[in-house]
Amino acid sequence: MKELRKGYNIVGLSQGTLIGRGIVEFCEGAPPVNNFISIGGPQAGIASVPTHTYTNISAVRAIANNILRAGVYSDYAQNQFAPSGYTKIPENMKGYLKSCKFLPKLNNERPNDRNPVYKKRFTSLKNLILIMSENETVIKPKESSWFGYYEEGIMKKILQPRQTKLYIEDWIGLKALDKAGRVKFIKVAGTHIEVSDADTKKYVVPYLQKKWRRVKKSGGTEAEHVGAEAVTTTT
């Protein structure tokens with residue numbers, strides 16, 4: 001699309017942030033993505049069933065978690081239950097890496113199957129905005145919104161993003177982007193994907209606004225648009 005030839009921005013909400021990142025990493029020949037804004041995205045996965053107000057009953061969640069943990073990496077679950085594609089059970093990393101169909105590929109986690117093209121495309125972003133909710137009710141751990149996650153093998157210690165192997169070994173280029181000053185780790189008040197108008201104006205809008213410059217042309221000086229103006233939202 002010629003309208004997107006200079007690039008566009010993506011705003012992702014919840015699991016839609018992973019779809020948006022898939023566009024960045026997987027789409028060959030696609031227009032460039034300039035700014036990627038992730039709001040409440042399970043970037044490093046989830047360790048339990050996502051809950052919402054209507055399912056936030058401890059007994060129901062416990063049953064769902066038992067089912068999820070027993071067969072989350074089965075073909076049936078992977079094909080029928082979207083969250084299974086980004087469920088990462090710390091005590092079952094072997095099963096996750098072997099049978100989880102989406103997130104291990106997206107995060108370049110499989111040691112013998114890392115694709116440098118995904119890293120190259122991801123590091124082409126001008127800005128990566130990672131927004132985590134202080135009172136997150138869906139993403140567990142909430143630090144996954146920043147690429148943080150539980151330590152492998154146990155659900156007790158949470159590694160901050162810069163402590164993970166994904167960051168240290170730079171599997172997708174998160175470290176490179178961070179070192180270049182292009183990653184913003186933002187924490188906001190509220191629950192899952194609940195961002196106030198004030199925080200939206202402060203942390204989101206500036207990366208979606210048009211940018212203009214003055215250029216001299218025959219007949220006088222005109223304003224010319226530079227940068228991205230198109231926005232795609234994934235949920």
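# Close-up views of a predicted model

**View 1. A salt bridge within helix α1.** The side chains of Glu 25 and Arg 21 meet in a salt bridge, with an N to O distance of 3.0 Å, in a model that is predicted. Because the two residues are 4 apart in helix α1, Glu 25 and Arg 21 are separated by about one helical turn. An α-helix has 3.6 residues a turn, so residues three or four places apart point the same way. Both Glu 25 and Arg 21 are buried, and they share this state with other residues of α1, among them Gly 16, Thr 17, Leu 18 and Val 24. Since 8 of the 11 residues of α1 are buried, the helix is largely enclosed by the rest of the structure.

**View 2. Helix α1 between two parallel strands.** Strand β1, residues 8-13, runs parallel to β2 and is joined to it by 5 bridges; one position to inspect is Leu 13, whose bridge partner in β2 is Ile 39. Between these two strands the chain passes through helix α1, residues 16-26, in a β-α-β crossover that is right-handed. Strand β2, residues 33-39, is mostly covered, with 7 of its 7 residues buried. A further 5 bridges join β2 to strand β3, residues 127-133, and this pair also runs parallel, with Leu 130 in β3 as the bridge partner of Ser 38.

**View 3. Phe 122 and the largest nonpolar core.** The largest nonpolar core has 21 residues, and Phe 122, Leu 128 and Leu 174 are those with the most contacts inside it. At least two residues of this core come from each of β1, β2, β3, α7 (165-168), α8 (174-179) and β6 (183-188), and β3 gives the most, with 3 residues. Once residues up to four places away in sequence are set aside, Phe 122 touches Arg 21, Val 24, Glu 25, Leu 128, Phe 147, Ile 172, Gly 173, Leu 174 and Leu 177; the two partners of the salt bridge in helix α1, Glu 25 and Arg 21, are thus included among the residues that Phe 122 touches. A second, separate core of 13 residues includes Val 72, Tyr 73, Tyr 96 and Ile 139.

**View 4. A salt bridge between a loop and helix α8.** Arg 162 forms a salt bridge with Asp 178, the closest N and O atoms being 2.8 Å apart. Arg 162 lies in the loop between β5 (158-159) and α7, whereas Asp 178 lies in helix α8, so the pair ties together parts that are 16 residues apart in sequence. The two partners differ in their surroundings, because Arg 162 is partly exposed at a relative accessible area of 48%, while Asp 178 is buried at 13%.

**View 5. A salt-bridge network around Lys 142.** Lys 142 forms a salt bridge with Glu 134, and their closest N and O atoms are 3.3 Å apart. Lys 142 is partly exposed, with a relative accessible area of 22%, and Glu 134, at 32% relative accessibility, also counts as partly exposed. The chain has 7 salt bridges in total.

**View 6. The surroundings of Glu 136.** Glu 136 is found in the loop between β3 and β4 (149-150) and, at 13% relative accessibility, counts as buried. With its neighbours within four places in sequence left aside, Glu 136 is in contact with Gly 40, Lys 142, Ser 145, Gly 190, Thr 191 and His 192. Glu 136 and Gly 40 are 96 residues apart in sequence, yet their C-alpha atoms are 8.0 Å apart in space.

**View 7. Two cysteines and the chain as a whole.** Cys 27 is partly exposed, with a relative accessible area of 35%, whereas Cys 100 is buried, with a relative accessible area of 0%. The count of disulfides in the model comes to 0. For orientation across the views, the chain contains 9 helices and 9 strands, and 45% of its 235 residues count as buried. Among the contacts in the chain with a separation of 6 or more, 62% are accounted for by residues 24 or more positions apart.

Notes:
Residues numbered from 1 in each chain as written. Predicted model: local features only at pLDDT ≥ 70, side-chain atom pairs only at ≥ 80, totals over all residues. Heavy atoms only, no water. Disulfide = S-S within 2.5 Å. Buried < 20%, exposed > 50% of the residue type's maximum accessible area, 1.4 Å probe, protein only. Pairing = 2+ DSSP bridges. Right-handed = clockwise from strand over helix to strand, strands pointing away. Core = buried A, V, L, I, M, F, W, Y, C linked by side-chain atoms within 4.5 Å. Contact = heavy atoms within 4.5 Å. Salt bridge = Lys/Arg side-chain N within 4 Å of Asp/Glu carboxyl O.
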